[in-house]
Amino acid sequence: GYTNFHCTTSVVDFVQVILIDVRQSSYAVAPYKIEPHPQLQIVPAKAANVACTAVCSEFFSKEAHVAHWACKQTEFDFINSCSVLAQHFPCGTDCSSDWGKDIPNYVINKKDRHYGQCLITEEIPTCEAKHPSTQRLCPCIPA
């Protein structure tokens, strides 16, 4: 979302405004750079029509020694990318952008026009959203 931008201005003979995504841009530096939660776990839903609230609450990680997990909406920015989706779903390079609060996800419904694709979005996803045609990718952190 647009809330993750920091504006920098400098005046020479004109005003220059540079917008930087403080979560994604390599030009963002401390103290403005926002890093993912240190214990962020990227967890794919096991079925369609499942919200990230349920995915994270059912997740268990022996490696992290954490029993209770929760979805964190602000962490979606770190997983809303084609490369991250391709690490968790069999979409390969078939990835496109669409609108939906349930995105990022993988489309598993054969009747859906995006069947077999991973989807990313410019919209701000929510932890509660779900869709009958898709499996979500969820940002889970210790509760």
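Visitor: What share of the 143 residues of the protein counts as buried?

Guide: The share is 38%. Please keep in mind that this is a predicted model. A residue earns the word buried when its relative accessible area is under 20%.

Visitor: How is the chain laid out, and how many helices and strands are there?

Guide: The protein has three helices and eight strands. Read from the N terminus, the order is β-β-β-α-β-α-α-β-β-β-β. As for contacts between residues at least 6 apart in sequence, 61% of them join residues at least 24 apart.

Visitor: Why is Ser25 called buried?

Guide: The relative accessible area of Ser25 is 15%. The cut-off for buried is under 20%, so a value of 15% qualifies. Ser25 sits in the loop between strand 2 (15–21) and strand 3. Leaving aside residues up to four places away in sequence, Ser25 touches Ile20 and Lys33.

Visitor: Let's turn to the aromatic rings. What makes Phe59 and Trp69 an edge-to-face pair?

Guide: Two values decide it. By the pairing rule there are two aromatic pairs. In one of them, the rings of Phe59 and Trp69 are 5.2 Å apart, centre to centre, with 70 degrees between the planes. Centres within 6.5 Å make a pair and planes over 60 degrees apart count as edge-to-face, so 5.2 Å and 70 degrees meet both conditions.

Visitor: Which parts of the chain does that pair tie together?

Guide: Phe59 is in the loop between helix 1 (52–58) and strand 4 (69–71), while Trp69 is in strand 4, so the pair ties together parts 10 residues apart in sequence. Both Phe59 and Trp69 are buried.

Visitor: Why is the pair of Phe89 and Tyr106 called stacked?

Guide: For Phe89 and Tyr106 the centres are 5.3 Å apart and the planes differ by 15 degrees. A pair needs centres within 6.5 Å, and stacked needs planes under 30 degrees apart, so this pair is stacked. Phe89 belongs to the loop between helix 3 (82–88) and strand 5 (95–97) and Tyr106 to strand 6 (residues 105–107), so the pair ties together parts that are 17 residues apart in sequence. Phe89 and Tyr106 are both buried.

Visitor: Now the cysteines. How many disulfides does the structure hold?

Guide: There are five disulfides. Counting the bonded cysteines along the chain, the pattern is 1-9, 2-10, 3-8, 4-6, 5-7.

Visitor: How do you know that Cys52 and Cys138 are joined by a disulfide?

Guide: Their sulfur atoms are 2.1 Å apart. The limit is within 2.5 Å, so Cys52 and Cys138 count as a disulfide. The link is left-handed, with -80 degrees about the S-S bond. This pair links distant parts of the chain, with Cys52 in helix 1 and Cys138 in strand 8 (residues 134–142), 86 residues apart. Cys52 and Cys138 are both buried.

Visitor: Which parts of the chain does the disulfide of Cys71 and Cys127 link?

Guide: Cys71 is in strand 4 and Cys127 in the loop between strand 7 (118–120) and strand 8, 56 residues apart. The S to S distance is 2.1 Å, and the link is left-handed at -75 degrees about the S-S bond.

Visitor: What makes Cys71 and Cys127 buried?

Guide: Cys71 has a relative accessible area of 16%, and Cys127 comes to 6%. Buried means under 20%, so Cys71 and Cys127 both fit the word.

Visitor: Why is the disulfide of Cys82 and Cys95 called left-handed?

Guide: The torsion about its S-S bond is about -80 degrees, so the disulfide is left-handed. Here Cys82 in helix 3 is linked to Cys95 in strand 5, 13 residues apart. The S to S distance of this disulfide is 2.0 Å.

Visitor: Why does Cys82 count as partly exposed?

Guide: Cys82 has 28% relative accessibility. Buried requires under 20% and exposed over 50%, so 28% falls in between, as partly exposed.

Visitor: One last stop. Which residues line the second largest pocket?

Guide: The lining is made of Val43, Pro44, Ala45, Lys46, Ala47, Val50, Val55, Glu58 and Phe59. Strand 3 (41–44) and helix 1 are the elements that give two or more residues to this lining. By type, the lining has seven nonpolar, no polar and two charged residues. The space in the second largest pocket is about 180 Å³.

Notes. Residues numbered from 1 in each chain as written. Predicted model: local features only at pLDDT ≥ 70, side-chain atom pairs only at ≥ 80, totals over all residues. Heavy atoms only, no water. Phe/Tyr/Trp six-rings, centres within 6.5 Å; stacked < 30°, edge-to-face > 60°. Helix = DSSP H or I, 4+ residues; strand = E, 2+ residues; numbered from the N terminus. Buried < 20%, exposed > 50% of the residue type's maximum accessible area, 1.4 Å probe, protein only. 1 Å grid on protein atoms, 1.4 Å probe; cavity = no way out; pocket = protein on both sides within 12 Å on 5 of 7 lines; lining within 4 Å. Points joined across faces, edges and corners; volume = space filled by probe spheres on them. Nonpolar A, V, L, I, M, F, W, Y, C, P; charged D, E, K, R; others polar. Contact = heavy atoms within 4.5 Å.
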